[in-house]
Amino acid sequence: MTDEPANLPLEFKLRLSAAKLVVSAARAGGSKLALASALKELGNIERRPPWLWNDANRTYAEAAELYRELEMPLEAAWVLRHIGINKEYAERLTDAEGYYDESLALFRRHADESDNNYANTVRYPAVIKDRVGKRDESTALWEEAVRRYDAMNQPLGVAEGA
């Protein structure tokens, strides 16, 4: 972990400490599902400040592995997508693209068409593929994302894709 800023808000410190305690308790309890869920929540906290992105990625990766073992591919896809988001924020675009592609592949194999996360899972690789110069792939993904957002009556997603 990178040195934390001296002026870190107390509320954040408390949330982070509490989440780490939940992870420790889940490890001690032996339930893979409880541990995966606790890790996902810890990752959600760790991903907020840039200096914790690497910690969040390790936390999410462990959660993804557990979700795979538990045969919960959509949960694994969700945490993999969030590793991709962190990689994109860190300007590691090729790494981000790989995580987004892996997440989308899991959604394509396992998601229901009405799953709200599906449209978001299509959107992220659409963005990254444009950023890395893969315009044709990006366009096809954006068209799919817009169809999915439109079917779910999410005008903001449709507008962004347009």
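# Helix packing and loop residues in a predicted model

At 71% relative accessibility, Glu71 is classed as exposed, because exposed means over 50%. This residue belongs to a predicted model. Glu71 lies in the loop that joins α3 (53–69) to α4 (73–89). The phi of Glu71 is near 55 degrees, a positive value in a residue other than glycine.

A second loop residue can be described in similar terms. Asn153 is placed in the loop between α7 (135–151) and α8 (155–161). Asn153 is not a glycine, yet its phi is positive, at about 55 degrees. With 65% relative accessibility, Asn153 also counts as exposed. A further positive phi, of about 65 degrees, is taken by Glu91 just after α4.

The table gathers these backbone values.

| Residue | Place | Phi |
|---|---|---|
| Glu71 | loop between α3 (53–69) and α4 (73–89) | near 55 degrees |
| Asn153 | loop between α7 (135–151) and α8 (155–161) | about 55 degrees |
| Glu91 | just after α4 | about 65 degrees |

Helix α4, which follows the loop of Glu71, has 17 residues. From its first C-alpha to its last, α4 reaches 24 Å, close to the 24 Å expected at 1.5 Å a residue. The helix is mostly covered, with 14 of its 17 residues buried.

One partner of α4 is helix α5 (residues 93–110): the two pack at an angle of about 160 degrees, and their axes are 8 Å apart. That angle makes α4 roughly antiparallel to α5, because angles over 145 degrees count as such. The crossing in which α4 passes α5 is left-handed. On the α4 side the contact includes Pro73, Leu74, Ala76, Ala77, Leu80 and Ile83, as well as the charged residues Arg81, Lys87 and Glu88. These meet a set of α5 residues, among them Leu93, Ala96, Tyr99, Tyr100, Leu106, Phe107 and His110. By type, the residues of the contact of α4 with α5 divide into 13 nonpolar, three polar and five charged.

Another helix pair is formed by α1 (residues 10–29) and α2 (residues 32–46), whose axes come within 8 Å and cross at roughly 160 degrees. The two helices are therefore roughly antiparallel to each other. Their crossing is left-handed. From α1, the residues making the contact are Phe12, Arg15, Leu16, Ala19, Lys20, Val22, Val23, Ala26 and Arg27, while α2 contributes Ala34, Leu35, Ala38, Leu39, Leu42, Ile45 and Glu46. The residues of this contact comprise 12 nonpolar, no polar and four charged.

Helix α6 (residues 116–131) has 16 residues and spans 24 Å from its first C-alpha to its last, close to the 22 Å expected at 1.5 Å a residue. Its buried residues are Tyr118, Ala119, Thr121, Val122, Arg123, Pro125, Ala126, Val127, Ile128 and Lys129. The buried residues of α6 pack against α4, α5, α7 and α8.

Helix α8 also holds Ala159. Ala159 is exposed, because its relative accessible area of 53% is over 50%. The C-alpha atoms of Ala159 and Tyr149 are separated by 9.3 Å, and the two residues stand 10 residues apart along the chain.

Conventions. Residues numbered from 1 in each chain as written. Predicted model: local features only at pLDDT ≥ 70, side-chain atom pairs only at ≥ 80, totals over all residues. Heavy atoms only, no water. Helix = DSSP H or I, 4+ residues; strand = E, 2+ residues; numbered from the N terminus. Buried < 20%, exposed > 50% of the residue type's maximum accessible area, 1.4 Å probe, protein only. Axes fitted to C-alpha atoms, helices over the stretch in contact; angles between N-to-C directions. Parallel < 35°, antiparallel > 145°, perpendicular 65-115°, else oblique. Left-handed = near helix turned anticlockwise from the far one by under 90°. Contact = heavy atoms within 4.5 Å. Expected span 1.5 Å × (residues − 1).
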